[in-house]
Every structure is written in structure tokens, then in C-alpha cells.
Amino acid sequence: MNTTIEIQLNHRSIRKFRDQAISPEVIKTVLKVANQTASSTAAQSFSMIHITCPKKKEAIAEICKQPYVATMPELFIFIVDVYRNARIAMEQGYDLPAKKDMDRFFQGFTDGCIAAQNMVTALESMNFGTVYLGSILNNAEEMIKLLDLPELTFPIVGLGFGYPAEKPALKPRMDLKLKVFENSYQCQENYLEAIKDYDAVMNTYYDLRDESKALPAFSQQIVQRLQNANPLRAALLQVIQKQGFDLNVNASVTQ
Ligand SMILES: Cc1cc2nc3c(=O)[nH]c(=O)nc-3n(C[C@H](O)[C@H](O)[C@H](O)COP(=O)(O)O)c2cc1C
């Protein structure tokens, strides 16, 4: 155990923040951390957009359907950014089709995700509270318009942070035996049985979190989430295609 691990094991998302600005030095430091994160083929195919305009924050909150986003002290949107490297090649006279392929897209997507998480760890090490916002993809086309994203870019996730004004109970996680396998994937014979204890633990967690608000068991929440799928989010691939990426869905997957 060391301090880094203690901080990571104490992670909880924060959605209420003090009305207090974060110093530009802190922002500069955590951006340096994001920038130094490992990068697929060192191509650095991601970018970050700092949202400082209150009107834009409001518009993003609207897309997220989460009003607290509008009052977030700091908000960054991580994006896949293949545009920059396509331009770097183009300015040398190369217009190469590979700039559009899904390999490039996923490189940018993973780069952006791990840079965001590195930033989270850095922020949490300084006792700031953070929350990811996958809900920016509730309407990807709107987000793209709002941020003036050029072709070969795509929003990945939002990251809000600030001085925390709440300390929610640590949210329990499913037992590692359901998630860690040796050498090959292991299906469970009966998942409901396997998560029985976790369902019970989660109910206690929700009771602790908000006594007035009874929440269903984890297993029921999973069903609800699948029942309430967002059709716009289910069609994200089309938006990725509109951004100029080639989904190449008919390509052969054997050599
Ligand atoms: C990719 C991703 C997207 C998320 N999107 C949202 C979001 O849109 N809104 C939100 O309030 N929390 C969001 N979260 C936070 C999760 O709800 C949270 O991590 C989860 O409930 C576990 O709680 P904990 O982080 O407090 O342990 C997101 C987390 C991840 C990793």
C-alpha cells in the first residue's frame, strides 16, 4: 500500500462542488500529466477542450440532461483527434486513406480515455473531486456542432472537477472473481447466484446514500438500463462515420 493506491482505492465520483475556482497552476499541472500519458504508436491522437464559456456549459448540461454540469467549476471534453495528424501528413503532400480507418479511431479513443484517467488520479491526489460525463454522447451530433469539431474528431467523454462539496459513501464493486480470469474467459453457470451477495451489498450502499430514495438491486438496475437504451447513443457509429471515419463494416476479418 502506498499513497497513490490509497487514493485510487478511495475513488468516488463527485457531483457537488464548492463555488471556488481552481488555480491555473493546478490546471496546467494536470494537463501536463494528461499530455505525458502513454499513447498508442505515440501518435497522440486525442485532444482536450476546456469549456470556460458558461453558455457552452449550459448547452452541454442540456445534452447530458444533468443540470449540475452547468455549474461545474472545471469541465474538459476529451476527443478523438485524428484531424491533427491527417493535417500533418497532408501538409507534406500525403492524403492517405488510413487516416480514416477504425484503427486510428480506436487509438485516439483509448489515448483519450487513459489520459482522462491519469488526470483524474492527479486531481484526486490533490483532493479535488472529479466526475466523468459519458452523457455528452446523449446527442453526439449536437456536441460536435457545439465544439466545432472538424472531420476525423469525435467526443469521447467529459471530465468535470473542482473542490468537492460532498463525500458520498464508497460505491462497492462486484467481486473480482467475476472479472479476473486466468488464460481464458470463464462464463458463470448462474450469474444471479454469483452476484447475490453484491446485490445485497449494493442495496445497503443505496440505503446509506439516500435514505429517502429506494433504488432497485444492481441486477434490476442492469435490466432497467438495457430497457431504457437511448436510440441516439445506439446509433453512434453513424455519427462516427459522418465525422469521416471509414467503418469498413464489409471488410474481411480473416487473412
Ligand atoms: C465512461 C464513464 C462515463 C460516465 N458518465 C457519467 C455521467 O454522464 N454522469 C454522471 O453523473 N456520472 C458518470 N459517470 C460516473 C459513474 O456513474 C460512476 O463512476 C459509477 O457510478 C461508480 O461510482 P464511483 O465513481 O463513485 O465509484 C461515468 C463514469 C464513466 C467511467
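**Sheet, core and ligand shell**

Colleague: What percentage of the 255 residues in the protein chain do the buried residues make up?

Modeller: This is a predicted model, in which local features need pLDDT of at least 70 and side-chain atom pairs count only at pLDDT 80 or more, whereas totals for chains, interfaces and linings use all residues. Residues are numbered from 1 along each chain as its sequence is written. A residue is buried if 20 or more other C-beta atoms, placed from the backbone, lie within 10 Å of its own, exposed if 12 or fewer do, and partly exposed in between. For the 255 residues of the protein chain, the buried portion is 25%.

Colleague: In what order do the four strands form their open sheet?

Modeller: The protein chain has eleven helices and four strands, these being DSSP runs (H or I over at least four residues for helices, E over at least two for strands) numbered from the N terminus. Two strands pair if DSSP finds at least two bridges between them, and strand S1 (46-50) and strand S3 (129-133) are the edge strands, each pairing on one side only. The pairing is antiparallel, and the order is S1-S2-S4-S3.

Colleague: Which residue of S4 stands opposite Val131?

Modeller: S3 and strand S4 (residues 153-162) are joined in the antiparallel sense over five bridges. The residue in S4 that faces Val131 is Gly160.

Colleague: Which element gives the most residues to the largest nonpolar core?

Modeller: A nonpolar core is a set of buried Ala, Val, Leu, Ile, Met, Phe, Trp, Tyr and Cys residues joined through C-beta atoms within 7 Å; the largest one has 42 residues, of which Ile60, Phe78, Ile79, Val80, Met119, Ile136 and Leu159 touch the most other members. Among the elements that give two or more residues to this core are strand S2 (74-81), helix H5 (102-125), S3 and S4. With seven residues, the element that gives the most is H5.

Colleague: From which element does the largest share of the shell around the ligand come?

Modeller: The ligand is surrounded by 13 residues (C-beta atom, placed from the backbone, within 6 Å of it), and the closest are Arg12, Ser13, Tyr132, Gly134 and Ser135. By class, this shell has five nonpolar, five polar and three charged residues, where Ala, Val, Leu, Ile, Met, Phe, Trp, Tyr, Cys and Pro count as nonpolar, Asp, Glu, Lys and Arg as charged, and the others, Gly among them, as polar. The largest share, three residues, comes from S3.

Colleague: Why does Leu236 count as partly exposed?

Modeller: Leu236 has its place in helix H11 (residues 236-242). Leaving aside neighbours within four places in sequence, Leu236 is in contact (C-beta atoms, placed from the backbone, within 7 Å) with Leu137 and Ala140. Leu236 counts as partly exposed because the number of its C-beta neighbours inside 10 Å is 14.

Colleague: Is Lys65 buried or exposed?

Modeller: Most residues other than glycine have a negative phi. Lys65, in the loop between H3 and S2, nevertheless has a positive phi of about 55° although it is not a glycine. Because 11 other C-beta atoms lie within 10 Å, Lys65 is exposed.

Colleague: Where is Gln44 placed?

Modeller: Gln44 has a positive phi of about 55° and is not a glycine. With 17 other C-beta atoms within 10 Å, Gln44 is partly exposed. Its place is in the loop between H2 and S1.

How values were computed. Contact = placed C-beta atoms within 7 Å.
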